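Trainee: Could you take one part of this model and go through it closely with me? I would like a connected account rather than a list.

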Amino acid sequence: MVLVFLFLAMGFLILPANADAITDAVQAANNVYLSNYTLDPAVLFTGDTATATFYVTNGNANQSVMVNHATFGDDDIHLISGTYDTNVNIGPLQTQSFVFSIKTDKSASTYYPSFSLNFVAGNGMYSKTPVKVDNTPLVMTIANQPDSFNQGVKATISVQISNPRDNDVKNVIFDVTGNDATLTPSKTYIGYLPAGTSTLVNFTVTPDSPTSLSMQVDYGNGDNDHTINTTLPILFTTDKVQADPVMSNIVIAFNNGTYDLTGDLTNAGLSNANGVTVTSLSPAVPQEPDVNYVIGALKPDDFGSFELTFTVPEGTTSVPLQQSFRDSNGNIITSVQNIDLTKATTQTGSQPSMLPLLIIVIIIVLGTGGYLYMKKRKKQ
């Protein structure tokens with residue numbers, strides 16, 4: 001009886017102490033809160049995976065809190081990583097992170113999966129967190145291109161890449177390919193593209209024949225790879241603003257087996273023609289002193305004269321003249337025009353005219369005769 005009394009007395013002393021401890025633990029749990037939440041990527045495409053991180057803070061200044069069984073997800077947002085089933089101690093004024101991998105196959109919308117956390121003592125934590133699914137891709141547009149493309153002529157193309165999404169994307173890479181064309185650069189690393197911004201990518205194309213360019217943008221939405229594509233046809237047409245040197249006023253003279261050709265070259269285009277030259281092509285054989293002629297720069301509506309000297313094999317009735325110039329990008333533009341040699345005027349050698357000498361003789365004779373006549377009259 002004495003022993004039973006002693007045990008009962010000790011029990012009454014211990015119970016209040018344990019009750020106080022439990023009460024303190026419950027009250028401490030009430031000071032634990034969800035301080036922050038991140039999702040990478042912040043907005044998902046259908047089928048994307050993401051990393052959700054929850055930050056739980058112990059607001060107690062002097063007491064630790066023991067938690068366990070942290071989890072996140074629901075029927076729409078699937079948890080593909082494990083839960084935190086072991087006890088985790090959060091010290092006073094400390095923050096503990098809980099990281100989850102999630103995935104969704106749902107269509108575009110906003111979903112509200114739950115984050116839950118149990119306390120060893122006290123009520124658990126429960127919070128619905130929004131997860132947005134948006135299938136809007138990046139946008140690629142041609143910002144600038146020439147009015148026309150020409151064989152062997154380098155042209156610059158500007159492509160704008162825009163991010164209309166509500167979240168940033170990373171590892172953005174622009175790639176362009178095409179047959180029968182030289183592309184520089186063919187690949188450009190852009191990297192980070194914030195939400196609601198755009199960037200320009202410039203490259204040059206020198207086509208050898210009409211072709212089509214395939215342009216692709218690869219980017220990462222978090223750790224998920226995505227791609228957009230577009231094509232650009234490269235067709236050969238006439239440049240509406242290009243310089244256009246036109247020959248006129250052609251005059252051909254033939255003298256002792258050599259042709260001497262003169263003419264004018266007028267820039268009928270809307271751009272400057274730089275380094276304008278004119279030369280005769282085979283079967284013509286250029287001769288000194290005018291093997292070829294350099295006019296120089298011609299502004300729109302400006303003109304310059306030229307002169308060429310050449311010989312041709314017997315029986316040749318026409319020769320091609322080539323004119324060339326450089327455009328603003330340094331490309332050499334050439335054109336050829338055939339000249340009809342049958343319209344040449346012939347210059348032959350001739351004897352000097354006797355009329356000036358005859359006039360001089362007449363003057364001398366008349367002067368001498370007049371002198372003698374006046375002298376004779378004086379003597380009479």
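**A four-stranded sheet and the pockets**

Mentor: In this predicted model, Phe115 lies opposite Ser127, a residue of β10. The pair belongs to a wider contact, since strand β9, which covers residues 114–119, is joined to β10 by four bridges, and these two strands run antiparallel. Both belong to an open sheet of four strands, arranged in the order β6-β4-β9-β10 with antiparallel pairing. The edges of this sheet are taken by β6 (88–90) and β10 (125–128), each of which has a single partner strand, so one side of each is left without a neighbour in the sheet. On average, and with direction ignored, neighbouring strands here are turned by 30° against each other.

Turning to the pockets, the largest has a volume of about 430 Å³. It is lined by 23 residues, and those closest to its centre are Pro146, Asp239, Asp327, Ser328 and Asn329. Sorted by class, this lining holds twelve polar, seven nonpolar and four charged residues.

The second largest pocket has a volume of about 220 Å³, and among its 13 lining residues the closest to the centre are Gln242, Ala243, Asp244, Phe325 and Ile333. Strands β20 (245–255), β26 (318–326) and β27 (332–340) each supply at least two residues of that lining, and the largest share, three residues, comes from β27. By class, the lining of the second largest pocket is made up of six polar, five nonpolar and two charged residues.

Note on methods
Residues numbered from 1 in each chain as written. Predicted model: local features only at pLDDT ≥ 70, side-chain atom pairs only at ≥ 80, totals over all residues. Heavy atoms only, no water. 1 Å grid on protein atoms, 1.4 Å probe; cavity = no way out; pocket = protein on both sides within 12 Å on 5 of 7 lines; lining within 4 Å. Points joined across faces, edges and corners; volume = space filled by probe spheres on them. Nonpolar A, V, L, I, M, F, W, Y, C, P; charged D, E, K, R; others polar. Pairing = 2+ DSSP bridges. Axes fitted to C-alpha atoms, helices over the stretch in contact; angles between N-to-C directions.
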